[in-house]
Amino acid sequence: MHTTTKYAATALAAALGVTVLAGCGSDEGPSGSGASRGSGSKTVTLVSHDSFNVSKDVLEAFTKETGYRVKTLKSGDAGAALNQEILTKGSPRGDVFFGVDNTLLSRALDNGLFTPYEAKGLDRVAKDTQRDEKHRVTPVDTGDICVNYDKKYFADKKLAPPKTFADLLKPAYKDLLVTENAASSSPGLGFLLGTVAAEGEDGYEAYWKKLKANGVKVVDGWEQAYNEEFSGSAGGRKAKADRPLVVSYASSPPVEVLYADPQPKEAPTGVATGTCFRQTEYAGLLTGAKNEAGGKALLDFLISKTFQEDMPLTMFVNPVVEDAELPELFTKHGEKVDTPPTVAPEEISANREQWIQSWQSLVLK
C-alpha cells in the first residue's frame, strides 16, 4: 500500500474491540513448524499496519501448537509501517512484517527487508499471488478495491448503478462519485491503478480528465469518503451524506450487514464489479529478526487453514489458500470478482510516483 487509511471492513471491526493479539505461552520450549532454531524466546513479534485483526481463539491455537505467544506492534497505516521498517533495516522492531501489498512490494524487496523462507503449505497457496521466486515474502490475503453504490439511492431514482470504469463517465452519474487521494490513501491508489490497468498507460490521463469533468470528489482517505461522504454506509446515513458512489472494497457490503442491529436480509450497498483492482498482501521474515524460528512458525501459521478461514470476518479479505472455506455471510453479501485488473509489482515500482504526480496535476489542480 501507499500511505493509507485503515481498511474499510477492519476499521469497523477494530472499533468493536475484536482483536486480541496475545496467547498464553507454555513453560516448555517452542515446538512445531519452523521452530527448530532461534533465540529461545517464547514471544514472536509481528509488525503490522493498524488493520491486522485475528480472533482470540486462533491466536491461542497458534500458541498451543508452537509454544509461541504473539505480540503485535501496530504501526499506523501500511505505508507508514513499511517506512519505519526501512528506517530500522537490519535492526527490526519485530520478527515478521505483515501488510506490504503489491503496490509497494518491490520497494520492500529492493530495500532488503526480508530473509528468504519458504513457508510450509505454500503449495496450497494460489500461484498467481506468489510474486517472489526467492520466497522473501509469503502471500497472505487478497482484496478487491471497487466502487460501491447505495442501493436505495439508485432504486429511488430508478437509475441502474454503474458497472464499469466507462460507466462512471456517463452524464447520469455526474457528481455522484467520491474517491480517496491516490497520494495518501491505499484505496485511492488502487483505484488509480485500476484505471491504468483498464485504460492503459496511454489512456488513463484522458480517463481522469473526463472523470473530473463528471464531478468526481476527492477526499484524503477512506474513512472520510466512506463514513462521511457515502450515502450508503451507516456512518454516511448518520452524516446525511449525498454521494451514492464511493471507492471502497468488494467486501464492504458484508460489513454493513454484520455490524447492523438488527442485521438486514440484504446488504444496503452493492459493488460495481467492473471497477475493481486486486491487492495482495504479504508477510515476511524481517532480516535481523531476534526470534527467527518463531517468525518462521508464524509465517507457516498465516497460511494455515485455521488462520485463513478466520480472515474473512475479521479482516474482510479473501484467503489465498485454495482449500479455505468462506463463511456464508461473506459469500452471500460480498462480491466475488473473478478476473479484476491488476498491475505487476515491478511495473508499479517503475511508474508509481509518475502516475501519482500526473494524477495530482490532472485532478487536484
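Which two residues form a disulfide, with their sulfur atoms 2.0 Å apart? They are C146 and C276. I will come back to that pair shortly. Before that, one caution: what we have here is a predicted model.

Let me start with the chain as a whole. The protein chain has 365 residues, and 55% of them are buried. Its secondary structure comes to 14 helices and 10 strands. We can also ask how contacts are spread along the sequence. Take the contacts between residues at least 6 apart in sequence: 78% of these join residues at least 24 apart.

Now to the disulfide. The structure holds 1 of them, and C146 and C276 are the cysteines that form it. Where does each cysteine of the pair sit? C146 is in strand 5, which covers residues 138-150, and C276 is in strand 9. The two are 130 residues apart, so the pair links distant parts of the chain. Is C146 buried or exposed? Its relative accessible area is 0%, and buried means under 20%, so C146 is buried. C276 also has a relative accessible area of 0%, so C276 is buried by that cut-off. There is also the handedness. The torsion about the S-S bond is about 115 degrees, and the disulfide is therefore right-handed.

Next, strand 3, residues 96-101. Strand 3 is mostly covered, with 6 of its 6 residues buried. Which strand pairs with strand 3 in the parallel sense? That is strand 1, residues 43-48, and the pairing runs over 3 bridges. Strand 9, residues 269-286, pairs with strand 3 in the antiparallel sense, over 5 bridges. On that side, F97 stands opposite G284 of strand 9. Recall that strand 9 also holds C276, from the disulfide.

On the parallel side, please find S48. S48 belongs to strand 1, and its bridge partner in strand 3 is F98. What is S48 in contact with, leaving aside its neighbours within four places in sequence? The list is L73, K74, S75, A81 and F98. S48 counts as buried because its relative accessibility is 0%. For a sense of distance, S48 and V96 are 48 residues apart in sequence, but their C-alpha atoms are 8.4 Å apart in space.

A helix gives us a similar exercise. W222 is found in helix 8, which covers residues 222-229. W222 has a relative accessibility of 0%, so W222 counts as buried. From W222 to S184 there are 38 residues in sequence and 9.8 Å in space, C-alpha to C-alpha.

On to the largest pocket. How much space lies in it? The volume is about 710 Å³. The lining is made of 33 residues, and those closest to the pocket's centre are T142, R278, N318, P319 and V337. Several elements give two or more residues to the lining: strand 5, strand 9, strand 10 at 318-319, and helix 13 at 328-333. Strands 5 and 9 are also the two strands that hold the disulfide cysteines. What does the lining consist of, by class? It has 15 nonpolar, 10 polar and 8 charged residues.

Last, a few backbone details. Most residues other than glycine have a negative phi, and most peptide bonds are trans. Here are three places to look at with that in mind.

One is K158, in the loop between helix 5 and strand 6. Its phi is near 50 degrees, a positive value in a residue other than glycine. Is K158 buried or exposed? With a relative accessible area of 77%, K158 is exposed, since the cut-off is over 50%.

Another is K240, in the loop between helix 9, residues 234-238, and strand 8, residues 245-249. K240 has a positive phi of about 55 degrees, although it is not a glycine. K240 has a relative accessible area of 75%, so K240 is exposed as well.

The remaining place is the bond between D261 and P262. That bond is a cis peptide bond, with omega about 5 degrees. P262 lies in the loop between helix 10, residues 252-258, and strand 9.

If you open the structure yourself, start from strand 9: it pairs with strand 3, holds C276 of the disulfide, and gives two or more residues to the lining of the largest pocket. That is the end of my part.

Definitions and conventions. Residues numbered from 1 in each chain as written. Predicted model: local features only at pLDDT ≥ 70, side-chain atom pairs only at ≥ 80, totals over all residues. Heavy atoms only, no water. Buried < 20%, exposed > 50% of the residue type's maximum accessible area, 1.4 Å probe, protein only. Helix = DSSP H or I, 4+ residues; strand = E, 2+ residues; numbered from the N terminus. Pairing = 2+ DSSP bridges. Disulfide = S-S within 2.5 Å. 1 Å grid on protein atoms, 1.4 Å probe; cavity = no way out; pocket = protein on both sides within 12 Å on 5 of 7 lines; lining within 4 Å. Points joined across faces, edges and corners; volume = space filled by probe spheres on them. Nonpolar A, V, L, I, M, F, W, Y, C, P; charged D, E, K, R; others polar. Contact = heavy atoms within 4.5 Å.
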